[in-house]
Amino acid sequence: MQRAPSGQALNILHLEDSPADHALARLALRRAGMECTLQQVETLADFAHALAAQRFDVILADYRLAGFTALDAWKLVEALPVPPPFVLLSGAIGEAAAVDAMRLGMADFVAKDDMARLAHVIRRAIEVHEARRARELAVAELAASQRRLAELTEHLQSSIEQERAAIAREIHDDIGGALAALRFDLAWIRRHSHDPELQQRADAAADTLQQALSASQRIMMNLRPPILDQGLVAAVQWLAANFERRTGVPAQVRTSREHIAVPPAVQLVAYRTAQEALTNVVKHAQPRQVHIELADSEGMLTLEISDDGRGMAPAQRDKPKAFGLKGLQERARTVGGWLDVSSQPGRGTSVVLSVPLPPSPTAAAPTKDLP
Ligand SMILES: Nc1ncnc2c1ncn2[C@@H]1O[C@H](COP(=O)(O)OP(=O)(O)OP(=O)(O)O)[C@@H](O)[C@H]1O
Ligand SMILES: [Mg+2]
């Protein structure tokens with residue numbers, strides 16, 4: 001026995017101006033064992049009123065009524081937040097009209113002289129409707145969860161950057177300050193000591209101290225490179241020079257201009273992309289050379305890091321415990337951009353970040369003051 005999704009009897013609204021036809025429909029459903037309440041309305045105003053007053057599981061509608069048609073009724077149903085299935089129950093309307101009705105989104109058509117099909121058609125229309133609702137809900141839920149994930153990623157990324165900057169500041173102020181004082185004191189001891197062994201120890205301590213200072217500077221640079229304050233081009237060139245120094249592999253940087261001005265958030269995303277891509281080159285690629293291309297043209301920032309190393313198979317980049325490339329994808333999304341990775345085993349790898357840029361103030365400036 002067909003029931004509403006709630007488990008109660010189906011609530012059906014029947015738009016029909018012939019009491020005899022309404023009675024026939026009622027009989028057909030009772031014979032088919034369909035548990036339902038069937039409410040009849042004749043005018044469009046009563047139909048609209050009934051729709052506003054309660055929720056129906058199914059709508060049955062004659063096609064031609066006094067002064068209007070089922071198409072007018074459909075428009076009212078279609079405007080509902082969750083339109084119930086709408087079944088035409090009518091005399092012959094012609095195949096073209098029936099096809100048109102289905103195309104508009106009505107669920108089905110039953111001819112009045114084929115009333116025995118009615119219960120079956122209603123059951124099927126409800127099943128289709130429920131399946132579609134479930135799919136829509138699943139899609140909406142997925143979209144909402146993707147939105148939440150994107151928000152969380154953005155929050156995490158900016159927290160990480162803030163933490164990094166705070167740690168860099170603390171290393172600079174606390175450790176850097178203490179080490180500088182220590183160097184001063186060691187120099188004093190060295191100057192005032194006449195014991196050669198003590199002098200030797202002071203020199204060794206000064207060397208170790210120098211190493212600690214260099215290490216803390218290197219850590220600070222990695223945490224929040226001050227070079228970023230000099231702009232993206234300088235920062236990428238600095239990364240490339242560092243890469244060359246560490247690996248001995250030439251890294252050529254080409255830029256569309258000497259200074260590329262982008263919003264700070266985009267700059268940081270581009271910098272971290274170049275950083276992770278170069279780290280990947282060091283870890284995985286074994287290349288002979290690396291090319292970095294940075295350009296802003298037609299309102300788009302593009303940054304490409306390509307190597308001629310080992311390359312990778314598609315499955316490799318989705319390794320479960322590898323987060324570098326996945327993190328870059330998410331980072332790119334936080335500034336409205338995206339990441340393309342193309343690679344083949346033995347044929348190198350290319351990582352491209354693309355970010356649409358906001359229109360520059362000069363491009364957006366009004367021209368009416370110009371002569
Ligand atoms: N330039 C490259 N050349 C060859 N293989 C690469 C390159 N970049 C990435 N890969 C492959 O893609 C995989 C995924 O890279 P990804 O940066 O996501 O992870 P990872 O570097 O292994 O780990 P991490 O999470 O520390 O970044 C790597 O493990 C490697 O196999
Ligand atoms: Mg990596």
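Q: What are the helix and strand shares over residues 11–127?
A: Over residues 11–127, 44% of the chain is helix and 24% is strand, where helices (H or I, at least four residues) and strands (E, at least two) are DSSP runs numbered from the N terminus. The end C-alpha atoms of this stretch are 15 Å apart. The model is predicted, with local features needing pLDDT of at least 70 and side-chain atom pairs pLDDT 80 or more, whereas totals for chains, interfaces and linings use all residues. Residues are numbered from 1 along each chain as its sequence is written, with chains lettered from A and ligands numbered from 1 in the order written.

Q: What does UniProt list for residues 11–127?
A: An unreviewed UniProt entry lists them as "domain: Response regulatory"; such annotations may be inferred rather than shown by experiment.

Q: And which stretch is listed as "coiled-coil region"?
A: The unreviewed entry gives residues 135–162 for that feature. In the model, this stretch is 100% helix and 0% strand, and its end C-alpha atoms lie 40 Å apart.

Q: Switching topic: how do the axes of H5 and H9 meet?
A: The axes of H5 (residues 118–192) and H9 come within 9 Å and cross at roughly 95 degrees; each axis is a line fitted to C-alpha atoms over the stretch in contact, with angles from 0 to 180 degrees between N-to-C directions. H5 is therefore roughly perpendicular to H9, a term for angles of 65 to 115 degrees.

Q: Which residues meet there?
A: Ala150, Thr153, Glu154 and Gln157 of H5 meet Glu330, Arg331, Arg333 and Thr334 of H9, contact being C-beta atoms, placed from the backbone, within 7 Å.

Q: What about ligand 1: which residues come nearest?
A: Asn280, His284, Ala322, Gly324 and Leu325 come nearest among the 19 residues around ligand 1, a residue being near if its C-beta atom, placed from the backbone, lies within 6 Å.

Q: Which helix gives the largest share of that shell?
A: Helix H8 does, with five residues. Both H8 (264–285) and H9 (324–334) supply at least two residues each.

Q: Lastly, where is "domain: Histidine kinase"?
A: The unreviewed UniProt entry places it at residues 272–359. That stretch is 28% helix and 34% strand, with end C-alpha atoms 23 Å apart.

Methods
Angles under 35 degrees count as roughly parallel, over 145 as roughly antiparallel, 65 to 115 as roughly perpendicular and the rest as oblique. Two residues are in contact if their C-beta atoms, placed from the backbone, lie within 7 Å.
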